[in-house]
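Visitor: I would like a close look at a single part of this structure, followed by an account of how the rest is arranged. Please keep to what can be computed from the model.

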Amino acid sequence: MTLFLASWGANDEVRARAVETLRDYAREFPEAPGRGIRETEWAGPVHVAWVSGDGPATAEERTPGRVSLVDGVALSASGDSVVTAAVLAAKPPGELCADPELDGQFALVDATADTLDIAVDTLGLCLLHWCRTPDGWFVSNRVEPLARLAGKTTIDQDAATAFLSVGWVTGERTLLTGVNTVPGGAHWSWRPDTEPVFAKPRDPLRILGLPRARVDIPALRDALVARCATVGGWLGGVESGLTSGLDSRLLFMLLRAGDVDTVYITGGAPDSPDVQVSARIADTYGIDRRYIPPLPEDELRRNWHRVCRQLLAQNDGMVSLWQASDLMRPPVAAPVSLWGVGGAIGRSFYGMPRDLLEFRRGALRARFVDKQAKDADGLLTAEGTATIRRRLREFADDVLARGTAPGVLSDAFLTLELIGRWAAPNAHKIHPVPVFAPLSTRPWLRAAFSMSPVQRYSEPLHYRLFQLLAPGEDIANHPSGKWRSQLPYLNLCHGYARQKVLQNSGRDPLGFRARILEDVRHDVAARCLDRTSSSLWNVVSRPAFEAVMSDRTSPEQRAPMARSLYGAITLFEYEALRMGSFDDVASPVGP
């Protein structure tokens, strides 16, 4: 990650404040090897400040007249070269930002004294945020510098509602009013004496609306292997998770085919499916696999306040405290981390047989809203429930208005929202190495949406790639023991049992997180309930929250609600952080 704050039209006083704001915020990343703040010194309308040395050496290129920054991993259209800051700077300003085939997961800043171009990848997995004030336009890859510079403290209630209901901040919002997210596929540019241009050359909806076509699986294999090999050769190696799941095993096959120097990581209890299966794979293929044992719970209990503050501050409140333990894992073992996120796009993950057999537009829209609009185990207020249902209807109408087939609605939500908005902050919650997701690149997206949802339900991309990459090998078998039928509609049989296997309950340490919640319950309940005037009580039902966090509710009753409770606590703690009261001590809550 390369932290930066760019502006258009800011005067010298505001620029000085921007530098100090970024310098102060960079202290939230104590593990960053930053070499200090650098800034442009030219006299034009553009100003850029960044933490020099905060990312790979190839992430920044500075000359007297130009600054180019790359956050994440940007690849050429062919996937055979990395677009570094030097490559960006070698082209005319804005040229690569406008490239419709630019691939990977990236945020780009390309600036001269009087031109500013920014760009993000197709799904927006590398985040950029923006705000506009009377002082000018401001862009950063974190919300917090913008919020501090612009004085934004008000929680966006619609965003908070989505976070509690579906599990992430949807659309182009952040948790703060007045600070928004640059949409996936965007290229924005500023030039003197003209209005800014907000283009979207890599618009993901164009891929979602592709006509049905036969997928060339060998070509897909070659494209994915080439991308893995390019990224592996860029900085000398990668880290990749290895589990019992389909996506991590597909990454393993791609990395093996690309002869990429890889450290494989597996975490969990020794008897969990992930650990056992990955150990067998390591023994079979002689790979460098490192086991991360379960986190010592006492350590997280002792450091709960510090860890929560770090997670909230570094990720703008958009990663749930459910994930707090991730900050205590060992450092990433390579210069780049690979993630299998996006694999679910290739198997119609949200689709169920009943949905896939439905052809009526209105019925599909209604079922989509009913399925996605959750009440957070009763914690969401009636007002909040109405809000999230309205937002989901708006999402459906927007997607359908762009010509997307009604049957693709659930997969559009998975791709644009779960992958594009939930995964984006989660991809960067462990600082500082770039994250690359081969199964969220353009070849994978094109292949997936060249098929109908019913075809995707068979997991044909995984099935056929496994046969090509590991023919006859045990690793090519399905975790459930049997692949679905590859014949459309026949594949819908036994769908529910199959989905249960894919969810792999042994991977989810609910008991661990529930135990931590019990240990910190009285303290966090007091901290939340002390915020009597918080606008978040329009989103979170205070009576429901108070009841479930009290001693009147048993730990056994509370455990199934842990994810929702962590979500509500995240919102209140983030609000406290923004208001400067995070370190205040609250009175314990009684029975």
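Which residue in β3 is the bridge partner of F4?

Guide: The model is a predicted one. The bridge partner of F4 in β3 is W50.

F4 belongs to strand β1, which covers residues 4-8. Of the 5 residues in β1, 5 are buried. In a regular strand, side chains alternate between the two faces of the sheet. In β1, one side carries F4, A6 and W8, the other carries L5 and S7, and every one of these residues is buried. Both faces of β1 are therefore covered.

β1 has two pairing partners to describe here. Strand β3, residues 46-51, pairs with β1 in the antiparallel sense over 5 bridges. The F4 and W50 pair belongs to this pairing of β1 with β3. Strand β9, residues 136-140, is also antiparallel to β1, with 4 bridges between them. Here W8 of β1 has W137 of β9 standing opposite.

A second strand with covered faces is β11, residues 187-190. H187 and S189 point one way from β11, W188 and W190 point the other way, and all four are buried. β11 pairs with strand β7, residues 116-120, in the antiparallel sense over 4 bridges. Within that pairing, S189 of β11 is the bridge partner of D117. β11 also pairs with strand β12, residues 197-199, again antiparallel, over 3 bridges. In this case W188 has F198 of β12 as its bridge partner. β11 and β12 make a hairpin with 6 residues between them. D193, in the turn of that hairpin, has a positive phi of about 65 degrees.

Parallel pairing is found in another sheet. This sheet is open and has 5 strands in the order β15-β14-β13-β16-β17, with parallel pairing. Its edge strands are β15, residues 288-292, and β17, residues 435-436, each of which pairs on one side only. Strand β16, residues 337-338, runs parallel to β17 and is joined to β17 by 2 bridges. The bridge partner of L338 in β17 is F436.

Among the helices, α15 spans residues 442-449 and is mostly covered, with 7 of its 8 residues buried. The buried residues of α15 are R442, P443, W444, L445, A447, A448 and F449.

Two loop residues can be set side by side. M318 lies in the loop between α10, residues 304-315, and β16. Its relative accessible area is 5%, which is under 20%, so M318 counts as buried. Leaving aside residues up to four places away in sequence, M318 touches H129, V143, F163, V169, T174, L175 and P425. One of these contacts, T174, is 144 residues from M318 along the chain, yet the C-alpha atoms of the two are separated by 7.7 Å.

S78 sits in the loop between β5, residues 66-75, and α2, residues 85-90. With a relative accessibility of 44%, S78 falls between 20% and 50% and therefore counts as partly exposed. S78 and P93 are 15 residues apart in sequence, and their C-alpha atoms are 21 Å apart in space.

For the chain as a whole, there are 22 helices and 17 strands. The radius of gyration is 23 Å, close to the 25 Å that the globule rule gives for 591 residues, so the chain is as compact as a globular protein of that length. The C-alpha trace spans about 65 × 65 × 50 Å along its principal axes. Buried residues make up 60% of the 591 residues. Of the contacts with a separation of 6 or more, 72% are between residues 24 or more positions apart. The contact of M318 with T174 joins residues 144 positions apart.

The chain exposes about 22600 Å², and carbon and sulfur atoms supply 52% of that area. The chain has 66 positive and 70 negative charges, and the mean positions of the two sets are 5 Å apart.

Definitions and conventions. Residues numbered from 1 in each chain as written. Predicted model: local features only at pLDDT ≥ 70, side-chain atom pairs only at ≥ 80, totals over all residues. Heavy atoms only, no water. Rg over C-alpha atoms; globule rule 2.2 N^0.38 Å. Buried < 20%, exposed > 50% of the residue type's maximum accessible area, 1.4 Å probe, protein only. Contact = heavy atoms within 4.5 Å. Areas by Shrake-Rupley, 256 points an atom, 1.4 Å probe, with all protein chains shown as cover. Lys, Arg positive; Asp, Glu negative; His and termini not counted. Charge placed at Lys NZ, Arg CZ, Asp CG, Glu CD. Pairing = 2+ DSSP bridges.
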